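I opened my notebook to record, entry by entry, what I looked up in this structure. I tried to write each note so that it can be followed with the structure on the screen.

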Amino acid sequence: MLCSRSVGSRSFLRAAFVASLAIILVLVNSAPSLASKPAAKIRIGGTVTIDNVQGSLWSCSFNPYGATTSLLSAGIIYEPLWYVNQDNNKGQPWLAKKYAWSNHNKTLTFTLRSGVKWADGKPLTAADVVFTFKLLKRFPGIDVNAIWTVLSNVVSHKNKIVFSFKQAAVPFFYYIGDQTFIVPQHTWSKVKNPVTYLDAKPTGSGPFKLHKCSPQNIEYIRNPHYWQKGKPYLSKIEYPAFIDNSGGNGYLDGNNKDVWGAQYIPNINASYVHAPNVNSKVRHYWFPPQGYDVIMYPNLKRWPTNILAVRQAISIGLDRAKVSRLGVYGYLPPANQSGIIVPDAKSWYDKSLAKKYNYSYNPGKAKKLLEKAGFKLSNGIFHDKKGRKLSISVLNVGGYSDWVGEVQAAAADLRQIGIELKPENVSGTTHSADEQDGEFQMSYDSPLGGPTPYYQFRQLLDSANTAPIGPGKLAQSNFERFRSKAVDSLLKQYALTNSSKQQHTIIDKIQQVMLKQVPVIPVLEGVNWYEYDTTDLTGWVNKKNDYAAPAAYNFPDQMVVLLHLHLK
Amino acid sequence: MSVVLGRLQFFVITLWAALTLNFILPRMMPGSPMTAMMARFKGRLSPQTVQAYQAAFGIHPRDSIFTQYLTYLDNLAHGQFGLSVGFFPEPVINVVMQALPWTLALAGVTTVISFVLGTLIGMVVAWRRAGAVDSLVTPLFVVLSAVPYFWLGLLAIYFFSVIHNWLPARFGYGITSSLTLSWATIGQILTHAILPAGTIIITSIGGWILTMRNNMVGTLSEDYVQMARAKGLRPWRIMFHYAGRNAILPNLAGFAMSLGFVVSGLLLTEIVFNYPGVGFLFLQAVENQDYPLMQALFLMVTLAVLVAILAADAANALLDPRTRAKR
């Protein structure tokens, strides 16, 4: 936490506060079957230990709607209607067996699976689902995805649950299907205030049950009556609490087997794979991108970042691969100015546009752009006509060692083209307070993102997410203060349509805005932190079999990984 | 009697000043619990949700700062600390009580041990000042107390856990064991405490040794010690009852203060050994703009230090008749 907790803490936020959004483009209602291997051959047993630094001891609260507790119960204990892979947007039926949009995308109907039981033996019914959604309406404090801003009613007919919306709301499928966790009416109806409810003894429908919890460790055991026959295979999950990266990484690097890591580890080959006294053959890691960019937010209301040529020159003058190498051991892939995560969202990436505007690294071109805009070099730094030095302070979180390194590397690059970057490393709270007020020249940060580019764009560019500069009104995520009626209406149109073709056209237009106006400068692509050990267990996510977003802080993806793991 | 009253008066005024500072300081930091919350959700909260959260946190943005202050004092008087923002929805009192026993045990025991050991060693080295023990032990512990704590902690982990696997490197007890009252659990807690406690004692004992030694050297040259020697008393009796009893007085106040600060936790120890405790809570409360948790922790420390100072005064009065004398 003090120095290098950096990535752990961001990943934590990302997970704990409902990682990301997705839009299901799948119009077909059937999805791949859940079974990966005939259950008969697989032995029941084995324990996995999750090593995911949350920076605090466990409070033994399992409220699936608690800001810091969701990832401990959402998925593992309480399940969603539909599962969506956060990395590649592939959907899968879960508590519901099918769904359909109707009435111009204003009505969504789920059909509930039959035979699902709560851990106490009572059946899970459509009434429980309706109860859960009505609970979010009665208590806005647990409606963390603002579902009821678009939803107008939920009713059930036998095993069907019908959601009626005020307007077409296709992007909200993800919130409703994947990010709302169904709770039992017979226990939760007695809860006075679900916002402050601890839920220390949760009863869910999920694959695992809480066995015991202490501030230092949570132990889950297999739910033998789980509705997916023969699953889960694992008999136990251990989830120790680590208050700091040094503890979490020490445990992961040490001689412990069957550990599922979700950690940023410096120099991972030496310190994890080839750690002393361990069998390096069973140690693996994979850091796939996770639908968000790490970004430089230029303040569009302040000189000199309000000048397009300056923003373009920065984007062209950054050697992003080098920034990654020097800042984070090259773990994060370089981002592109279009703001599309490749390879994950490759189908959205408009190559011809990217080629036309061409933001590939080219220091000579960057300098020319500045000269054309009237800047003159003196003592190696550009100055404008009034003699003002092209020097930009960059707001950054001093505790995130990787971010600090990245900005330093970027500063060295831009110095070459005559732009001075001055890192201003502050605490996390000051960083976000200044971003929300607009009191900065340039800020280094990342949005939460999502499996399709729409969500990152909505956070970055929607004028609903910005505010005027100064205290009082706070910007939620559009910190650069970008306002464009055209982009706002493109984002609205996106929500109206279920057609993949139309959605692609809309995203193409937004990419053009990113390339033409450079509202923000994407630097690197954020990744899942994921280490795994194959001493006794198999079934892990890997490049060839990417059935879930593999970092343990992604929920409910973590449930899908846990259901795949089994003894060799 | 008037001494006691005067002390109490002082106690009440200090307490009020500290409580008021506790209220003001967090509010002077940039941002608020709400901005911290918004930063986490990044553009997904509806205005209704924001309001609901504010209500749950007990934030009423329209209230004047003075009304907030009165509510704050009222809540404190009733022992109502509210819900933690960082550990939402856990009540502050639960969060603190979870960490406090570990801190009290580890910090309390190590403080007492290093005070007792340090004082004894200080006494002995002063008695034999300039001898072989003094010229070896005193500089050694002075150097050790200057060693950065985290470095010593990491070194201890490397040697005792990574290389030799003799002692556990982290946690307050074995993570897979349940915390039931049994010999096995107590044994676990003790073995897990060896490294953190050992490193704390090694780095903190030097201070006690040095002050005790210097006080003792002073008292040893006093007339009454010469007198005792002349009477032919046994050396240990002179050392403890004549010189030691007087030399310890200044140290006692320091000891009381450090006992008071025990409740503020051991931040570095907790981080290096992933040990549960209050010090880390403090850091987190500040990072999360967790006003309720900060206020509870500050109150606890203020009260503990004030009580410790009162106790030290009382102890001084008992041990040193001069302080009781009417002027």
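**Entry on one residue of the core.** I began with Ile419(A), and I keep in mind throughout that this is a predicted model. Leaving aside residues up to four places away in sequence, I found that Ile419(A) touches Ala313(A), Ile314(A), Gly317(A), Phe382(A), Leu390(A), Ile392(A) and Leu414(A). I then looked up the largest nonpolar core, which has 221 residues, and noted that Ile419(A) is one of those that touch the most other members, together with Ala313(A), Val523(A), Leu281(B) and Leu297(B). The element that gives the most to this core is helix α5 of chain B, residues 92–127, with 14 residues.

**Entry on the domains.** For chain A, I copied down the domain assignment: domain 1 is made of 43–53, 206–288 and 528–568, domain 2 covers 78–198, and domain 3 covers 291–527. I looked up how far apart domain 2 and domain 3 of chain A lie, and their C-alpha centres are 36 Å apart. Ten residues of domain 2 of chain A are in contact with ten residues of domain 3 of chain A. On the side belonging to domain 2 of chain A, I counted five nonpolar residues, four polar ones and one charged one.

**Entry on a sheet.** In chain A, I followed an open sheet of five strands, whose order is β17-β16-β18-β13-β19 and whose pairing is mixed. Its edge strands are β17 (420–426) and β19 (521–527) of chain A, each of which pairs on one side only. Ignoring direction, I noted that neighbouring strands of this sheet are turned by 25° against each other on average. Helix α12 of chain A, residues 401–416, lies across β16, β17, β18 and β19 of chain A, and runs at about 165° to β17(A).

**Entry on strand β13(A).** Which strands does β13(A) pair with in the antiparallel sense? I found five bridges to β19(A), with β13(A) spanning residues 289–298, and four bridges to β18(A). Ile295(A) gave me a partner in each: it stands opposite Pro522(A) in β19(A), while its bridge partner in β18(A) is Asp445(A). For Met296(A), I wrote down Ile521(A) as the residue opposite in β19(A). Ten of the ten residues of β13(A) are buried, so this strand is largely enclosed by the rest of the structure.

**Entry on helix α6(A).** I asked myself why helix α6 of chain A, residues 245–253, can be called largely enclosed by the rest of the structure. The reason I noted is that nine of its nine residues are buried. Among them I listed Asn245(A), Tyr251(A), Leu252(A) and Asp253(A).

**Entry on Trp540(A).** Is Trp540(A) buried or partly exposed? It has 18 other C-beta atoms within 10 Å, and because a residue needs 20 or more to count as buried, I recorded Trp540(A) as partly exposed. I located Trp540(A) in the loop between β21 (537–538) and α17 (557–564) of chain A. Apart from residues up to four places away in sequence, Trp540(A) touches Tyr532(A), Thr534(A) and Leu565(A). I also looked up the separation from Leu565(A), which is 25 residues apart from Trp540(A) along the chain, and their C-alpha atoms are separated by 6.2 Å.

Notes. Residues are numbered from 1 along each chain as its sequence is written. Chains are lettered from A and ligands numbered from 1 in the order in which they are written. This is a predicted model: local features need pLDDT of at least 70, side-chain atom pairs count only at pLDDT 80 or more; totals for chains, interfaces and linings use all residues. A nonpolar core is a set of buried Ala, Val, Leu, Ile, Met, Phe, Trp, Tyr and Cys residues joined through C-beta atoms within 7 Å. A residue is buried if 20 or more other C-beta atoms lie within 10 Å of its own, exposed if 12 or fewer, and partly exposed in between; C-beta atoms are placed from the backbone. Helices (H or I, at least four residues) and strands (E, at least two) are DSSP runs, numbered from the N terminus. Two residues are in contact if their C-beta atoms, placed from the backbone, lie within 7 Å. Domain bounds come from an automatic or database domain assignment. Ala, Val, Leu, Ile, Met, Phe, Trp, Tyr, Cys and Pro count as nonpolar, Asp, Glu, Lys and Arg as charged, and the others, Gly among them, as polar. Two strands pair if DSSP finds at least two bridges between them. Axes are lines fitted to C-alpha atoms, for helices over the stretch in contact, and angles run from 0 to 180 degrees between N-to-C directions.
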